[in-house]
Every structure is written in C-alpha cells, then in structure tokens.
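Colleague: Please take me through the empty spaces of this model, and through the elements that surround them. I would like each term with its cut-offs, so that I can set your account beside my own calculations.

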Amino acid sequence: MRVARLASPTVPRRRLGAELRRLRERKGMTGQDVAAQLKDRTGRRWSDSKISRIETGRVSATVGDVRDMLDLYEVTDPDTRNALFGLAREAVQQGWWQPYNDLLSRNYATFIDLEAAAAWMRIFEPLVVPGLLQTPAYAREIIRKGGPLELDENELERRVELRMRRQTVAQESGLSLWVVLDEAVLHKQVGDKQVMRAQLERLVTEARTSRLALHVIPSESGGHAATSGAFGIFVFPDDDDRDSVYVDTMAGTLYLDRPSDVAAANLVFDHLLVAALNSDDSLALIAAVAEKYR
C-alpha cells in the first residue's frame, strides 16, 4: 500500500466497513438484526441503512459506533479492537480534495472519494476523453461548456486545477486504468484543432505506459453493449472490499455496489472489449486521427 493512497480517508473507511461486514456475517446477522439490537443496547437511533452505509464505506463510523458493534459481535481480542478503532480515527481525517469542497457536488465528491481508494478503474466513454486522461486545455473546454452555470475565470481555473490534481494523485497512488472509447470521442472536436491534436497525442503517450490499457470501438462496428452511455467500475485492492459501479445519467451519476450490479457491469465491459480494436490498432487509429487535426 503506497503512502499516497494512505493519505486518503477513503481507504481506512472502506477497509473498516469491509471488516465490520465480515464480522457481522460471521455472526449470521442481518443489518436489520444489528440495528435493532444496537438500538436496544445503546438507546440511540440505529437503522439497517446506517449499517449498510458504514459497511460500504459511504459514511464514517465513530470509535463509539465501532465499539458498540464489536461488543455486539463479541469481538474481545484487544489487537483486533485497537486496529479497528485506529481505522475509525483515520477515516475521519480530511482528504486531499478538501480545499476544493466549495466546487464539489455530492456526486462529484463521491466519485473522487471512490477514485482515491481504487486500485483499478474500468471505464467506458462514448463522447469525451475521461477526466484522468485530459490535457488542461481539453479539460478547460469540457468544464466551460459542460455545466448549466456560467463560470467566472477563477472558478473555471480552480476546476481545471482540481482535475489535474486528481491526475497527479492517481499517478502517485498507482491507480491503473482500462479504458474503452467509442471512436466518436476522437472525432468530436473539443476546442480548436491544436487542443484536439495535443489531447489525442497524450492518449497515445499514456497508453504506452503500464498504467493505461486503451481500446477504441471503431464506428463501423455499429451498436454495442453500452449504447446507453458512459459507465465505469472501481476495483478495490482488498478482496473483502466490494467493487463499485458508476453510471452517468441526465439526473446525475448513480453508484451501485451490489455484487449483481458489479458483475453485470463487468460483463458489459467484457463485451465492449470484444467489439473494440486491440491495443496496437487502437493507438494507430488515434494517431491517424490526431494527424488530421494538423
């Protein structure tokens, strides 16, 4: 586990949730069972939705919450208890993105939160280059035109800065990307020709590193398994930590973490890989389109 990844409170929060889920399942209890018994034991409000949010790492559990849960699960080993108390304390520390909180919607904050904890991301984009691979100039055009509100220059530059900071954190933490693009991404001109050429050249450069596997679905392939839109899968390093799916919709980004949802998303992604060009042919296509922008 790299130091940069440990700087995120997301990692200990999700690790704590996964361990608490394992302990609950070992006792043969449901979230509803736990909530009811903790309410009786402590006199405080508990609900099965709170248990679920703690176990999936969506919210932080206090040291007191963890103590109550461990008592219920009859966990008496002091080393185990102290380790989990330590994770609870780490989970309430501020993340690197806190200075940008005024720019973050709840959906975007959740996205950055999950991105900070992931070891892998599988991404499909039908219209734009993913944020983690955008050049500053391309990102500036996407941000300028991608929202419903007019942005002043200061806020625009801070949003670009945030996106570039995400890229730096991802590189330092060792986040790997497996990306499938629809060929339309290459031809949809964002900014002027110089912006597009630089963006496509960056894709080629990035794809020659070990952190990015990049494939393009050619236009002539017709329909494919993800015509409904962009989605991605956050793959976490801990086997006990459930992977999560995000799906872009007009109403905002949806986050799904049921095993059946993750399995369905992985199946769709596998079908996209079948429809896509191999890595070498994908890079050749990107380079050829980049030349057209000269």
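Modeller: What follows goes from the open spaces to the enclosed ones, and then to the strands and cores around them.

This is a predicted model, in which local features need pLDDT of at least 70 and side-chain atom pairs count only at pLDDT 80 or more, whereas totals for chains, interfaces and linings use all residues. Residues are numbered from 1 along each chain as its sequence is written, and side-chain values use heavy atoms, with hydrogens and water left out.

Rolling a probe the size of a water molecule over the atoms shows where empty space is left. On a 1 Å grid over the protein atoms alone, a cavity is a set of points where a 1.4 Å probe fits but cannot get out, while a pocket is an open set with protein on both sides within 12 Å along at least five of seven lines; a lining residue has an atom within 4 Å of a point. Grid points are joined across faces, edges and corners, and the volume is the space filled by probe spheres set on them.

The largest pocket has a volume of about 1500 Å³ and is lined by 42 residues, with Ile142, Gly146, Arg163, Asp248 and Thr253 lying nearest its centre. Helices (H or I, at least four residues) and strands (E, at least two) are taken here as DSSP runs numbered from the N terminus. At least two lining residues of this pocket come from each of helix 7 (106-117), strand 1 (120-125), helix 8 (136-146), helix 9 (153-173), strand 5 (244-249) and strand 6 (252-256), and helix 8 gives the largest share, five residues. The lining divides into 21 nonpolar, 12 polar and nine charged residues, where Ala, Val, Leu, Ile, Met, Phe, Trp, Tyr, Cys and Pro count as nonpolar, Asp, Glu, Lys and Arg as charged, and the others, Gly among them, as polar.

For the second largest pocket the volume is about 310 Å³, and of its 18 lining residues Arg13, Trp97, Gln98, Ala109 and Asp113 lie nearest the centre. Helix 7 supplies the largest share of this lining, five residues, and the classes are six nonpolar, eight polar and four charged.

Turning to enclosed space, the structure holds two cavities of 30 Å³ or more, and the second largest cavity has a volume of about 60 Å³. Trp96, Ile112, Glu115, Ala116, Arg166, Val169, Ala170, Ser173 and Leu175 line this second largest cavity; helix 7 and helix 9 each supply at least two of them, with the largest share, four residues, coming from helix 9. By class, the lining of this cavity has six nonpolar, one polar and two charged residues.

Helix 9 also contains Glu161, which counts as partly exposed because its relative accessibility is 43%; on this scale buried means under 20% relative accessible area, exposed over 50%, and partly exposed in between (1.4 Å probe, protein chains only).

Strand 1, which contributes to the lining of the largest pocket, is largely enclosed by the rest of the structure, because five of its six residues are buried. Two strands pair if DSSP finds at least two bridges between them. Strand 1 pairs with strand 2 in the parallel sense over six bridges, with Arg122 opposite Trp178 and Phe124 bridged to Val180. With strand 4 (residues 231-235), strand 1 pairs in the antiparallel sense over five bridges, and there Ile123 stands opposite Gly232. Strand 2 is likewise largely enclosed, since six of its seven residues are buried, and it pairs with strand 3 in the parallel sense over six bridges, where Asp182 stands opposite Ile217.

A nonpolar core is a set of buried Ala, Val, Leu, Ile, Met, Phe, Trp, Tyr and Cys residues joined through side-chain atoms within 4.5 Å. The largest has 47 residues, and those with the most contacts inside it are Met121, Leu177, Leu200, Leu214, Phe234 and Ile286. The elements that each supply at least two residues of this core include helix 7, strand 1, helix 9, strand 2 (176-182) and strand 3 (212-217). A second, separate core of 22 residues includes Leu23, Leu38, Met69 and Leu84.
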